[in-house]
Each structure stands twice: as C-alpha cells, then as structure tokens.
Amino acid sequence: MSDFINVVKIGGNIIDNPDALLSFLKDFASMSGNKILVHGGGKEATRLSESMGLKANMIEGRRVTDRQTLDIVTMVYAGLINKRIVALLQSLGCDAVGLTGADGNVIPAKRRPAEPIDYGFVGDIAPGEIDDRFIRLLLNNGNVPVFCAICHDDQGMLLNCNADSVAGAVAQAVSWIGPTRLTFCFEKAGVMTDLDDESSVIPLVTAESFADLKEKGIVAKGMVPKIQNALKCAENGVGEVRICKAEALTTEGGTIIRIE
C-alpha cells in the first residue's frame with residue numbers, strides 16, 4: 001500500500017461504535033506510506049440536536065442544515081468527533097492533524113442552490129479548487145490529515161458537505177501529487193448482488209457494468225451515488241477506488257471501481 005497515497009473514508013457505522021472505531025484506527029495507523037482520513041458525522045449531531053429540543057429535519061435521507069443545525073454539526077463533526085479520532089490516532093503513534101475545509105483554505109465549497117430542494121447551509125465541492133499544496137506540505141512533514149466534512153465558501157460561511165464527496169474531491173486533488181487509492185469503508189462487504197449474502201460481492205465495477213447493474217435494479221438507492229462518485233474519481237486521476245468493509249481495510253476483497 002506504500003506505493004499509493006491512501007485516502008480512506010469512514011461513516012457513522014464506525015464512528016458510532018467505539019470498539020469498531022478503535023479497531024479501524026489501529027488498522028489505519030498500521031498502513032505504510034502517506035495517508036489521509038475523511039470522516040462523516042454519525043448520530044452524535046442528531047442526539048445533541050434532540051437534547052437541545054431541535055428535531056433533525058431530513059429530506060430523502062439528507063440532513064437539512066439551518067443555522068442552528070450548522071452550529072451543532074460544526075461542533076460535533078469538526079470538534080468532538082474529529083478531535084476524538086485525532087487523539088486516538090496519536091495514541092497509536094500516528095501523527096494526525098484534524099482539519100475542516102476552511103483550515104488552510106484547503107477545501108472551498110459553494111452553497112447548494114435552493115431549487116429544487118433547499119437543504120440550507122449545505123455545500124458542493126469543485127475538486128479542481130482544492131489546495132493540494134497545503135496537503136502536500138502536511139504529507140511531506142509526516143502528518144496524517146484527518147478531514148471532517150465541514151467546508152467553507154470563501155465568504156466567511158461554513159458549509160455542511162457530504163463526506164463521500166469530500167473524500168472523492170480530496171483523492172482527486174492528491175492524485176496530482178502521486179498515485180492515489182481511495183477506499184470507502186462501508187457497512188457491507190462491497191457492491192453485492194444480494195445484500196443478505198456477503199459472498200455475492202461483485203469484484204469489479206466499470207462504467208459499462210454499472211449502467212447494467214443499475215438498469216437491472218441490482219444497484220439501487222444509496223449505492224448509486226456512491227458508485228457514481230467513485231467512477232467520477234476514477235475518471236479524474238484516482239488510480240483505484242474500492243468499496244469494502246472497514247475490517248477489510250488492510251486486506252484484499254471488496255469491490256474495485258475502475259474506468260476501462
């Protein structure tokens with residue numbers, strides 16, 4: 001794995017489970033070479049919102065981020081979760097640096113248009129605008145960047161971004177530095193023909209086979225944007241994209257997504 005810059009994304013299924021998080025971070029810390037971690041938010045922000053009497057507003061599975069919610073997700077994602085991960089990595093001998101997209105102006109974003117659905121203070125990222133020079137400095141210094149999905153709009157406003165999109169944009173940017181592998185750690189073993197059968201993992205997905213899998217309904221719902229994001233990364237310089245279980249991070253397996 002040392003031949004690649006490894007960009008790894010984890011979600012709430014790991015973040016919400018302390019034992020799973022520590023196990024994953026041990027594997028992540030053991031990976032040789034340059035590496036970057038991107039994390040989502042988990043359920044912590046929802047729990048805090050509810051404790052403050054604010055009910056989470058979700059549309060099609062996505063959080064609507066009003067000003068109060070933006071404050072909460074920033075506190076939780078950029079603060080509690082990010083620094084908890086950094087502290088654990090430091091305990092494992094991994095010199096991590098916790099970051100938002102605003103730090104070093106590394107990940108600017110634009111607020112998503114209010115039409116057709118107004119998600120509030122939610123941002124979209126243009127990979128070409130990421131400052132790979134800042135990331136290069138950190139990697140050359142032996143640091144491990146740990147990004148949450150809070151970015152900014154260059155006008156003083158923080159924005160809540162999709163963590164998969166952040167990981168994809170970061171991977172595309174660091175592919176200008178060197179060969180890059182992007183791994184999405186998922187609760188399933190990969191892209192599967194039968195969600196109840198982990199032996200049904202599809203080892204390779206290409207743009208052509210994805211279109212066929214989607215048409216047949218084998219790939220549906222939340223997996224569709226994940227694969228679309230992965231294919232976009234592969235089209236834009238990322239050498240390898242993999243979807244796998246967190247437990248398989250340092251082993252083989254899962255689904256490789258490539259342009260052929």
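## Exercises on loops, helices and strands

Pro-116 lies in the loop between β6 (109-111) and β7 (122-125). Helices (H or I, at least four residues) and strands (E, at least two) are DSSP runs, numbered from the N terminus.

The model is a predicted one, in which local features need pLDDT of at least 70 and side-chain atom pairs count only at pLDDT 80 or more, while totals for chains, interfaces and linings use all residues. Residues are numbered from 1 along each chain as its sequence is written, and side-chain values use heavy atoms, with hydrogens and water left out.

### Exercise 1: Backbone angles in the loops

Task: Find which residue is joined to Pro-116 by a cis peptide bond, then look at the phi angles of Asn-105 and Asp-154.

Solution:
- Step 1. Go to the peptide bond between Glu-115 and Pro-116: this bond is cis, with omega about 0°.
- Step 2. Move to the loop between β5 and β6, where you will find Asn-105. Its phi is near 55°, a positive value in a residue other than glycine. Asn-105 counts as partly exposed, because its relative accessibility is 37%. (Buried means under 20% relative accessible area, exposed over 50%, and partly exposed in between, with a 1.4 Å probe and protein chains only.)
- Step 3. Now visit Asp-154 in the loop between β9 (150-152) and β10 (158-161). Asp-154 is not a glycine either, yet has a positive phi of about 70°. With 45% relative accessibility, Asp-154 counts as partly exposed.

### Exercise 2: The two faces of α2

Task: Work out which residues of α2 are buried and what they pack against.

Solution:
- Step 1. Trace α2 through residues 18-30: these 13 residues reach 18 Å from the first C-alpha to the last, close to the 18 Å expected at 1.5 Å a residue. The expected span is 1.5 Å times one less than the number of residues.
- Step 2. Pick out Leu-21, Phe-24, Leu-25 and Phe-28, which are buried. Seen down the axis of α2, the buried residues fall within an arc of 100°, so they line one face of the helix. The arc is that of the directions from the helix axis to the C-beta atoms. An α-helix has 3.6 residues a turn, so residues three or four places apart point the same way.
- Step 3. Turn to the other side of α2, where Asp-19 and Ser-30 are exposed.
- Step 4. List the packing partners of the buried residues: β1 (5-10), α1 (12-15), β2 (35-39), α4 (67-91), β8 (144-147) and β11 (180-186).
- Step 5. Look at the start of α2, where a side-chain oxygen of Asn-17 comes within 3.1 Å of the backbone nitrogen of Asp-19.

### Exercise 3: A largely enclosed helix

Task: Decide how many of the twelve residues of α6 are buried.

Solution:
- Step 1. Locate α6 at residues 163-174, reaching 16 Å from its first C-alpha to its last.
- Step 2. Count the buried residues: they are eleven of the twelve, so α6 is largely enclosed by the rest of the structure. Among them are Val-166, Val-170 and Val-174.
- Step 3. Check the N-terminal end, which Asn-162 caps: a side-chain oxygen lies 3.0 Å from the backbone nitrogen of Asp-164.

### Exercise 4: The nonpolar core

Task: Name the residues that touch the most other members of the largest nonpolar core.

Solution:
- Step 1. Start from the term: a nonpolar core is a set of buried Ala, Val, Leu, Ile, Met, Phe, Trp, Tyr and Cys residues joined through side-chain atoms within 4.5 Å.
- Step 2. Among the 77 residues of the largest core, the answer is Phe-24, Leu-37, Val-170 and Ile-227. The largest share of this core, ten residues, comes from α4.
- Step 3. Follow Leu-37: leaving aside neighbours within four places in sequence, its contacts include Phe-24, Leu-25 and Phe-28. Contact means heavy atoms within 4.5 Å.

### Exercise 5: Strands and their partners

Task: Find which strands stand at the edges of the open sheet.

Solution:
- Step 1. Read the order of the eight strands, β5-β8-β2-β1-β11-β13-β14-β12, with mixed pairing. Two strands pair if DSSP finds at least two bridges between them.
- Step 2. The edges are β5 (96-99) and β12 (204-205); each has a single partner strand, so one side of each is left without a neighbour in the sheet.
- Step 3. Two bridges join β12 to β14 (residues 255-257), and these strands run parallel. Leu-204 stands opposite Ile-256 in β14.
- Step 4. Stay in β14 for Thr-255, which counts as buried at 0% relative accessibility. Its side chain reaches the backbone oxygen of Ile-202 at 2.7 Å.

Notes. Polar contact = N/O pair within 3.5 Å; in protein donor to acceptor, adjacent residues only side chain to side chain.
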